[in-house]
Amino acid sequence: MTTSLPGLSDFLKQTKQQFLQDLEAKNADKWTVVMGNEAGDLDTLASSLAYSYLATNLQKDSTVALVQTRRADFYLRPENLYALSLANLDPAQADILCIDDISASHPLNTSLSKFVLVDHNTLEEAFVGTGKVVGIIDHHADDGNHLDAPFRDIEPAGSCTSLVARHFQNEWTPEAGVSKDVATLLLTGVTIDTGGLKDDDLVKPVDQNSARFLYLNSTVDDGGSFQGEDSLKSLAKSLSEKKKDIGDLSTRDLLRRDYKDAEYGGLQVGLSTVPMGLEA
């Protein structure tokens, strides 16, 4: 018998509302908070939103995705907005729990008890306190932290979304009733990070396998069989065009749209990636 699960947007709205209510009532200990990295690219966004849906509905672990991008800054990444629209999410991101939705009266390092990290593998300093990392899914180099986490799925892959899809694939059966919007969102992450499976230096078997699985369970599927990069060509082109559509962004916006900072030997270092060439 096929289970009827909520759509992705409805799920995110409901979990956001319930989590904030529980946080206000100092009853948030039952929640697992899944977070991507602070840069907030499509891979990190899709991984966290999809993980929360799949963990809650397939593994019965109440999980909310906390996005470290302020709602007012979503416009900095047009490719993210496009991917969210493909997954039928609210254009105003009202269904997403953003970092600025959490009141300053609830310190991030003491109000949250359990974390799952996606697309990074070290809990950021602002969250270090009474909470514990209970899981990691990441495709970056292993920092060697949180070694006691119940699961640490850290391995090279073109996209973290590929690893998230694999993590749930055994439970993600046709009978489970998972919304196609979830597969669509994850597929945008695989597609943008691997150039539509065309980047041979990045693509791993897990990307190929996850892309096939996600495509056949998504709204992108045109009813035919999965033909690898040919099936993703149109989606890859659209995402690439959106990512490059930065003509209206100021210099400040360009620098902060993909900004990461870190500390090395007491020195605070910031790195920003801008998707445009330098003209002589």
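A polar contact is a pair of N or O atoms within 3.5 Å, where, within protein, one atom must be able to donate a hydrogen and the other to accept it. With that in mind, a good place to start in this predicted model is His 120. The side chain of His 120 reaches the backbone oxygen of Val 118 at 2.9 Å. His 120 itself sits in the loop that runs between strand S4 (114-118) and strand S5 (132-138). Its surroundings also include residues from elsewhere in the sequence: once neighbours within four places are set aside, His 120 is in contact with Met 35, Gly 36, Asn 37, Ile 136, Asp 138 and His 140. Because its relative accessibility is 10%, His 120 counts as buried.

Attention can now turn to the open spaces of the model. Rolling a probe the size of a water molecule over the atoms shows where empty space is left. The second largest pocket has a volume of about 600 Å³. Its lining is made up of 31 residues, and those closest to the centre of the pocket are Glu 38, Gln 68, Thr 69, Arg 70 and Ile 99. Two elements, helix H2 (42-58) and strand S2 (63-67), each supply at least two residues of this lining. Helix H2 gives the most, with three residues. Sorted by class, the lining of the second largest pocket holds 13 nonpolar, 10 polar and eight charged residues.

Charged residues also meet one another in this structure. Side chains of opposite charge can pair when their charged atoms come close. The count for the model comes to nine salt bridges, and a few of them are worth a closer look.

In one of these, Lys 30 pairs with Asp 22, and the closest N and O atoms lie 3.3 Å apart. How exposed are the two partners? Lys 30 is partly exposed, because its relative accessible area is 44%. Asp 22, in turn, counts as buried because its relative accessibility is 7%, which is under the 20% limit.

A second salt bridge joins the side chains of Asp 101 and Arg 71, at 3.0 Å from N to O. This pair links distant parts of the chain, 30 residues apart: Asp 101 belongs to the loop between strand S3 (97-98) and S4, while Arg 71 belongs to the loop between S2 and helix H3 (78-86). With a relative accessibility of 23%, Asp 101 counts as partly exposed. Both residues take part in a wider arrangement, as Lys 16, Arg 71 and Asp 101 are linked in a network of salt bridges.

A third example is the salt bridge between the side chains of Arg 166 and Glu 155, at 2.6 Å from N to O. Here, too, distant parts of the chain are linked: Arg 166 lies in helix H4 (residues 160-168) and Glu 155 in the loop between strand S6 (152-154) and H4, 11 residues apart. Arg 166 counts as partly exposed because its relative accessibility is 36%. Glu 155 is partly exposed as well, with a relative accessible area of 28%.

Finally, Ser 240 offers a view of another part of the chain. Ser 240 is found in helix H7 (residues 229-243). Its relative accessible area is 28%, so Ser 240 is partly exposed. Along the chain, Ser 240 and Gly 195 are 45 residues apart, and their C-alpha atoms are separated by 8.2 Å.

Note on methods. Residues numbered from 1 in each chain as written. Predicted model: local features only at pLDDT ≥ 70, side-chain atom pairs only at ≥ 80, totals over all residues. Heavy atoms only, no water. Helix = DSSP H or I, 4+ residues; strand = E, 2+ residues; numbered from the N terminus. Buried < 20%, exposed > 50% of the residue type's maximum accessible area, 1.4 Å probe, protein only. Contact = heavy atoms within 4.5 Å. 1 Å grid on protein atoms, 1.4 Å probe; cavity = no way out; pocket = protein on both sides within 12 Å on 5 of 7 lines; lining within 4 Å. Points joined across faces, edges and corners; volume = space filled by probe spheres on them. Nonpolar A, V, L, I, M, F, W, Y, C, P; charged D, E, K, R; others polar. Salt bridge = Lys/Arg side-chain N within 4 Å of Asp/Glu carboxyl O.
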